[in-house]
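Here's a quick briefing to read with the structure open beside you. It goes topic by topic, so feel free to jump around.

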Amino acid sequence: MTQVTEQSLRPTSGTKTAEAKPAAPPAKKRDAFFDNAKYLAIVLVAMGHAWEPLRDSSRAVSALYIFIYTFHMPAFIIISGYFSRSFDFRPDRVRRLITGVAVPYIVFEVAYSLFHRWAADDPSMPISLLDPWYLTWFLLALFVWRITAPIWRLVRWPVPLALAIAALGAVSPDIGDDLDLQRVLQFLPFFVLGLRLKPEHFALVRRKEVRILAVPVFAATAVFAYWAVTRMNMAWFFHRDSAQELGAPWWSGILMTLALFGCSLVLTACFFAWVPGRGLWFTALGAGTLCGYLLHGFLAQSADTWGWYGADWLHQPSGAVFVTLLAGVVVTLLCTSPVQRLFRFALEPDMTWAFKKDPAERRGRS
């Protein structure tokens, strides 16, 4: 290969040269840690849904259920907030918000409703974009949280303010079910916390001493969950009802908001401590977690509607292990690249036809 020197690139006198075009910026490299964390969190989500029909027949399964519900969605939401730190109302970011969050919400809200009509033979099932059904609440919440991101960057104490809003939501039974606002408000502090986090915070919880400490914390929490599962209302962990709707005094909503936020934060830190930071066989699947999240909901609903848990052996310890492993395998397959490509029309639609050209982009191409 001929060596190109700086001297040879200089134009000779009298020679007109074309102005060099600036090189396109290199694609941003994905962080293996966050892809690993998203994949592992979505596996826990799928396992939790697979355990739901087994809770009545196993105290251990019920304890594991509330154990992972304490941190799996908070972890996912914190990561969502972390990657929303730069969101503003720049046209390209608004377009990505619409095509990557709003459109999938509409598509899957309609799809879930139509599926339930068919699977449950329930033609009266309404299709309502104002009342998220099953898993679509997260997309709607993410849309609301992200458009408020610029506000949280302006206020002086964003996390305490978000906690105060969550506590007010937990004591307000009149909020109702529209837009699933209880979940939007009660999970808000985790998103705002993610907005405030920096890379060094994640590096802090991944230190060796934190990883070691996470083991007894997880073990103690699992034991406590086994004790508490028959003594408290598990609906607190879903963050979808006010204290009054759960039959508790209004002030308990404030206490539970603060207590659950603290517990979730500790367990999420322990979870992050054990998430691998290097590339592994499942790292690439982290890019497909939204696909796995939304698609596995059809299977979870089918299991309940069509009585897939009718066999007695599934309610034995070996059956619980089988269901757990199967849920992990299925959601893993749903996160793979072929499935992502197949459903790209719904999850990442190319909607250039729907948007006007940004003048700044046109000038950049001229």
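What follows covers cysteines, a charged patch, two backbone oddities and one long-range contact.

Keep in mind that this is a predicted model. On the cysteine side, the disulfide count comes to zero. On the surface, five acidic residues make up a negative patch. Two non-glycine residues, D121 and H239, have positive phi values.

**Cysteines**

- Looking for disulfides? The tally here is zero.
- Why doesn't C335 form a bond with C291? The closest cysteine sulfur to that of C335 is the one in C291, and at 6.9 Å it is too far away, because a disulfide needs the two sulfurs within 2.5 Å.
- C335 is also buried, with a relative accessibility of 0%.
- C270 counts as buried too, at 7% relative accessibility.
- Both C335 and C270 fall in the buried class because their values are under the 20% cut-off.

**Negative surface patch**

- Which residues form the negative patch on the surface? The members are D131, D174, D177, D178 and E245.
- One of them, D177, sits in the loop that links α8 (158-170) to α9 (181-186).
- D177 is exposed, and its relative accessible area is 56%; it gets that label because the value is over 50%.

**Positive phi outside glycine**

- D121 has a phi near 50°, which is positive even though the residue is something other than glycine.
- You'll find D121 in the loop between α5 (91-119) and α6 (137-147).
- Is D121 buried or exposed? D121 is exposed, at 65% relative accessible area.
- H239 isn't a glycine either, yet its phi is positive at about 60°.
- The loop between α12 and α13 is where H239 is placed.
- H239 counts as buried, with 10% relative accessibility, so here we have a loop residue that falls under the 20% cut-off.

**T230 and its distant partner**

- T230 lies in the loop between α12 (208-228) and α13 (250-273), and H239 is placed in the loop between those helices as well.
- T230 is exposed, though, with a relative accessible area of 53%, whereas H239 is buried at 10%.
- How far apart are the C-alpha atoms of T230 and R59? They are separated by 8.0 Å, while the two residues are 171 residues apart along the chain.

Note on methods: Residues are numbered from 1 along each chain as its sequence is written. This is a predicted model: local features need pLDDT of at least 70, side-chain atom pairs count only at pLDDT 80 or more; totals for chains, interfaces and linings use all residues. Side-chain values use heavy atoms; hydrogens and water are left out. Helices (H or I, at least four residues) and strands (E, at least two) are DSSP runs, numbered from the N terminus. Buried means under 20% relative accessible area, exposed over 50%, partly exposed in between (1.4 Å probe, protein chains only). Patches are made of residues with over 30% relative accessible area and no salt bridge: like charges are joined within 9 Å, nonpolar side chains (Val, Leu, Ile, Met, Phe, Trp, Tyr) within 5 Å. Accessible areas come from the Shrake-Rupley method with a 1.4 Å probe; for residues, only the protein chains shown count as cover. A salt bridge is a side-chain nitrogen of Lys or Arg within 4 Å of a carboxyl oxygen of Asp or Glu. Lys and Arg count as positive and Asp and Glu as negative; His and the chain ends are not counted. The place of a charge is taken as NZ of Lys, CZ of Arg, CG of Asp or CD of Glu.
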